[in-house]
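Here are my notes on the model, point by point. Please read them with the structure open.

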Amino acid sequence: MAAKATRESFGETILEIAEKNESVVVLDADLSKSTMTQPFMKKYPNRHFEMGIAEQNMIGVAAGLALSGKIPVLTSFACFLIGRVESIRVSAAYNQTNMKLVGTHAGIGIGEDGTSQMGLEDVAAMRALPHMTILQPADHTETQQAVRWMIEHNGPVYLRLTRQKMPDVHAAGYRWQPNKIDILWTPAKPAAKYQATIIASGGPVPHAIEAAKLLEAKGFSVRVANASTLLPFDGETVALLAADSQRIVAVEDHNIHGGLGSAVCEAVAESGLACPVVRIGLRSFGESATPEQLYEKYGLTAPSIAEACLKNLP
Amino acid sequence: MPTTTTAPTNLKSLTKQLRLDIIRMIEAAGNGHPGGSLSIIDILAVLYEKFLKHDPKNPAWEGRDRFILSKGHACPALYAVMAHRGYFAKADLLTLRKLGSPLQGHPDRLRLPGIEFSTGSLGQGLSVGLGMACAAKLDKKEWKTVVVLGDGELQEGQSWEAFMAAPKFKLDNLIAIVDHNNGQIDGPVKEVMDIEPLSDKLRAFNWDVQAIDGHDLDSIQKALSCAWAAKSGRPQVLVAKTVKGKGVSFMEHNIAWHGNAPKKEDADKACMEIEHGR
C-alpha cells in the first residue's frame, strides 16, 4: 500500500468507528483540516465540537463529556494539545476520564513550519502521568488497530501521530498488540549476539530498518524493534533484546529526555544487564527546513543510525 | 429512588448547623479553608435542599443533576451538605484531610461517591460542566449542570475560554454561580487582579446574568428558580455577592482565614457566635 501519514489513517479509522459507536464524539481546536477530522465533522455535525483556539477548555469539556458517557476524541498538534499539561493532569489523568488525546504533527518531521509547531517534549510530559497510555503507531495498519483499541480501552490515552507519510513497515496480516514491542526486522542470517538492536518509534522507524539493511550488507547483524506503546512500557521485551545485543540504539523524533530513549535506559538499567544504550533524538529545539533535511541534520536517517550502531563497538 | 427534597426544611437553622460542621471539621483537620467555605454554604444549602435532583443512596443515578465545586478548596462546605443529605455518616466529617479518608483536602470523585469531578486546580470546573451540559443536550436529557466558581478563580484564562464557549452550544441547562467574596490568598481580588465589571463582562459574553446577595436565602432561591426555568438558549450565571468567613465576626473580610484552621479556642468562639446567630 502507498505510504500514508498516520494522521490520515487515524482520520479514516475514526470515521469508520463512529458509524457503529455512537458514543464517539470529536473535538477540535481550529486544526481539523490538519488533524484529519474534517470528514467526521461533515458526516456527524451533531457529534463534532469545534472549540476554537482554546485547548485548555477543550480538555475540560472532553472530561465532562467523558463523565457523561461519551468517548471524546480531541485533536490538535501534539505541542499545542499536550502543552496544556496541567489541564490534562487533572481533567484526564487524575479524574481518570475516558478521553482520547490525539496529537498530530509530532517532531521535526513536520518540516518548514519550524520549532513552535513541533511536538518535541510531549511524550516526556505524558509519561509522568499516572493512568495515562501513550501510543505511537508507525504505519497504516498499526494506526488503524491502535485507534480501534484506543476507543475500546477505558481510560485516558495519548495518540501521537505524524504529519509526514509513513511507508508500511508491517507485513499484511499483522496483529498489533498494546503494550508490546514488536520485532520488525531481523537479518537473514540469525546471530547468537547482535551487534546492535535498534528500538525505534514513530517517524524514524522506516529509517531504522534501512539502517539495519545497510549494516547487513556490510556483514553486521542488527535487528529492529518497534515501540508503538510508550506507556506502559514493555520493559520485559527490552530486557530480552538487551540480553543478546552488544548495544541498544533508541531512535525517536522527540527530545532524548523523557521519551523512548529514557524509557529504554530505565528498562535496561532495571534489568540488571550490562548493555550500553545509545539515544538518538533531539538534544535541542528544531528549526525550519524540509523534513528530509531535518531528519538528516538531526541524525534520524539511516546513515546516522547505522553509525550509532557501530561506533566504538569493541 | 431519586430524591428531591420535599420535606420542609428550615433552611436558616440548617445553615447554622452546616456552619458549625465546617468550623469543627476544619478545627479537627488542623488545616483547611474556612473563609471560602463559609461564603458558599448558604448557596450550597439551597442547592442541595431545594434544587438538585440527586440520590445519596445511588450517587451515580443517571438522571441526577450534576454539581461541580470548581473552587475545590471550599469542600468543607460541600462535605457538610453531603453528610446532611446522607451521602456518608456525619461522624466522617472529622476525618477531613486525614490518611485514608474519602474526604480529601480537595474533592476527589474516585474516593467519595457523589463528587462529580475532582477539583482543586482552579479554572477547570466550568469547562467540565460545559462538557456535561453538552452531553445532556446531545442525549436530550433534562438534567442540569451547576458549577460553583470562586471570583479569584476567574483570573484563570481557561474560565473565560469556557464562558466564551458555552453560548455557542446554547447551554441554557448550564448554571454557573460565582462566589464573589472578593478575597483571595494574596489579598482582595480587586487588588490582586481586578475582574470587574464582572456582570457586564459576563453579559458581554452572552450569558444571562443575575446579581444576588449570596447569603439571602430567599434571593438565592428566586435566582435559582429563574435559572432552572431558563429556555433562552443562553447559559445562566449568578454573581453572588458574599462575605468571606460569613457568620463568624473575626473571620469575616479577614483574608488570614482563607486557608487557616481555627484552634480550639477560636473554634469554640466561632461556634458560639454561629449558635447565637449574630
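1. The core. This is a predicted model, and its largest nonpolar core has 182 residues. The residues with the most contacts inside this core are Ile198(A), Ile199(A) and Ile305(A). Helix α2 of chain B, residues 34-51, gives the most to the core, with ten residues. In chain A, both domain 1 (4-166) and domain 2 (181-310) give residues to this core, so it lies between them. In soluble globular proteins, nonpolar side chains tend to be buried together.

2. A residue to click on. Which residues does Ile198(A) touch, not counting residues up to four places away in sequence? Three are alanines: Ala208(A), Ala211(A) and Ala212(A). Val222(A), Val224(A), Val249(A) and Val251(A) are valines on the list. Ile305(A) and Cys309(A) complete the list. Ile305(A) also appears among the residues with the most contacts inside the core.

3. Helix α10 of chain A. This helix spans residues 235-243, and its buried residues are Val238(A), Leu241(A) and Ala242(A). Why do they sit on the same side of α10(A)? They cover an arc of only 100 degrees around the axis, which puts them there. The general rule helps here. An α-helix has 3.6 residues a turn, so residues three or four places apart point the same way. What covers the buried residues of α10(A) includes strands β9 (181-185), β10 (196-201), β11 (222-227) and β13 (248-255) of chain A. Helix α11 (260-271) of chain A is also part of that cover.

4. The two domains of chain A. The domain assignment gives domain 1 (4-166) and domain 2 (181-310). Their centres, taken over C-alpha atoms, are separated by 26 Å. In the contact between them, 29 residues of domain 1 meet 27 residues of domain 2. On the domain 1 side, the elements giving two or more residues are α7 (122-127), β6 (133-135) and α8 (140-152) of chain A. The largest share of that side, four residues, comes from α7(A). The residues of this side of domain 1 divide into 15 nonpolar, nine polar and five charged.

5. The contact between the chains. Chain B puts in 21 residues and chain A puts in 23. On the chain B side, α4 (125-138) and α5 (157-168) each supply at least two residues. The largest share of that side, ten residues, comes from α4(B). By type, the chain B side has eleven nonpolar, seven polar and three charged residues.

6. Chain A overall. Chain A has 13 helices and 14 strands. Its radius of gyration is 19 Å, close to the 20 Å that the globule rule gives for 314 residues, so chain A is as compact as a globular protein of that length. The C-alpha atoms fill a box of roughly 60 × 40 × 40 Å along the principal axes. Of the 314 residues of chain A, 57% count as buried. Among its contacts between residues at least 6 apart in sequence, 81% join residues at least 24 apart.

7. Chain B overall. Chain B has nine helices and seven strands. Its radius of gyration is 17 Å, which agrees with the value near 19 Å for a compact globule of 278 residues. The C-alpha atoms of chain B fill a box of roughly 50 × 45 × 35 Å along the principal axes. Of the 278 residues of chain B, 52% count as buried. Of the contacts in chain B with a separation of 6 or more, 76% are between residues 24 or more positions apart.

Note on methods: Residues numbered from 1 in each chain as written. Chains lettered and ligands numbered in written order. Predicted model: local features only at pLDDT ≥ 70, side-chain atom pairs only at ≥ 80, totals over all residues. Buried ≥ 20, exposed ≤ 12 C-beta atoms within 10 Å, placed from the backbone. Arc of directions from axis to C-beta. Contact = placed C-beta atoms within 7 Å. Core = buried A, V, L, I, M, F, W, Y, C linked by C-beta atoms within 7 Å. Domains from an automatic or database assignment. Nonpolar A, V, L, I, M, F, W, Y, C, P; charged D, E, K, R; others polar. Rg over C-alpha atoms; globule rule 2.2 N^0.38 Å.
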